[in-house]
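Dear colleague,

Please find below the structure that I am handing over to you. My notes on what was found in it follow directly after.

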Amino acid sequence: MLQAAAECLASYKTDEEVQNGILYPSINSIRHITAEVGAAVLQAALAEELAEGHGDIGPRELMHMSKEEKVQYVRRNMWYPIYSPLVHEK
């Protein structure tokens, strides 16, 4: 699963970024890339029979999903932070 995550993440780097020594893709695309990496890890977990699913979707349903459906599944289950203001307005 770690290898699947690393390979998927590396696939988002351009040759120019590699030549400039940039280690990770731009933060501007973090949600998109995270969903793709999550789907790659999910696929590896399914291949190793280690995936459990979430909610009403179990491993059997996950096995029959296409790659894009797995990406959408990961997106639907991602955590979205909501930050409270640190300073109260007067």
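**Salt bridges**

A search of the whole structure, which is a predicted model, finds two salt bridges.

One of them joins K67 to E36, with the closest N and O atoms 3.5 Å apart. Because K67 belongs to helix α5 and E36 to helix α3, this pair ties together parts that are 31 residues apart in sequence. The two partners may be described in turn. K67 counts as exposed, at 60% relative accessibility. E36, by contrast, is buried, and its relative accessible area is 8%.

E68 and R75 form a salt bridge as well, and here the closest N and O atoms are 4.0 Å apart. E68 is partly exposed, with a relative accessible area of 43%. R75 also counts as partly exposed, at 24% relative accessibility.

**Helix α3**

The helix that contributes E36 to the first pair deserves a description of its own. Helix α3 runs over residues 30-47 and has 18 residues. From its first C-alpha to its last it reaches 25 Å, which is close to the 26 Å expected at 1.5 Å a residue.

Which residues of α3 are buried? They are I33, A35, E36, V37, A39, L42, A44, A45 and L46. The list thus includes E36, the salt-bridge partner of K67. As general background, an α-helix has 3.6 residues a turn, so residues three or four places apart point the same way.

What covers the buried residues of α3? The cover includes α1 (2-10), α4 (59-63) and α5 (67-76). Helix α5 is also where K67 lies, and K67 forms the salt bridge with E36. Just after α3, E49 takes a positive phi of about 55°.

**Aromatic rings**

The structure holds zero aromatic pairs. A charged residue does, however, lie over a ring: R31 is placed over the face of Y80, at 4.0 Å from the ring centre. R31 falls within the residue range 30-47 of helix α3.

**Annotated region**

The UniProt annotation "domain: Malic enzyme NAD-binding", taken from an unreviewed entry, covers residues 1-45. Over residues 1-45 the chain is 67% helix and 0% strand. The C-alpha atoms at the two ends of this stretch are 6 Å apart.

With kind regards

Notes:
Residues are numbered from 1 along each chain as its sequence is written. This is a predicted model: local features need pLDDT of at least 70, side-chain atom pairs count only at pLDDT 80 or more; totals for chains, interfaces and linings use all residues. Side-chain values use heavy atoms; hydrogens and water are left out. UniProt positions are given in the numbering used here, feature names are shortened, and annotations may be inferred rather than shown by experiment. Helices (H or I, at least four residues) and strands (E, at least two) are DSSP runs, numbered from the N terminus. Rings of Phe, Tyr and Trp (its six-membered ring) pair if their centres lie within 6.5 Å; planes under 30 degrees apart count as stacked, over 60 as edge-to-face and the rest as tilted. A charge sits over a ring if NZ of Lys or CZ of Arg is within 6 Å of the ring centre and within 35 degrees of the ring normal. The expected span of a helix is 1.5 Å times one less than its number of residues. Buried means under 20% relative accessible area, exposed over 50%, partly exposed in between (1.4 Å probe, protein chains only). Contact means heavy atoms within 4.5 Å. A salt bridge is a side-chain nitrogen of Lys or Arg within 4 Å of a carboxyl oxygen of Asp or Glu.
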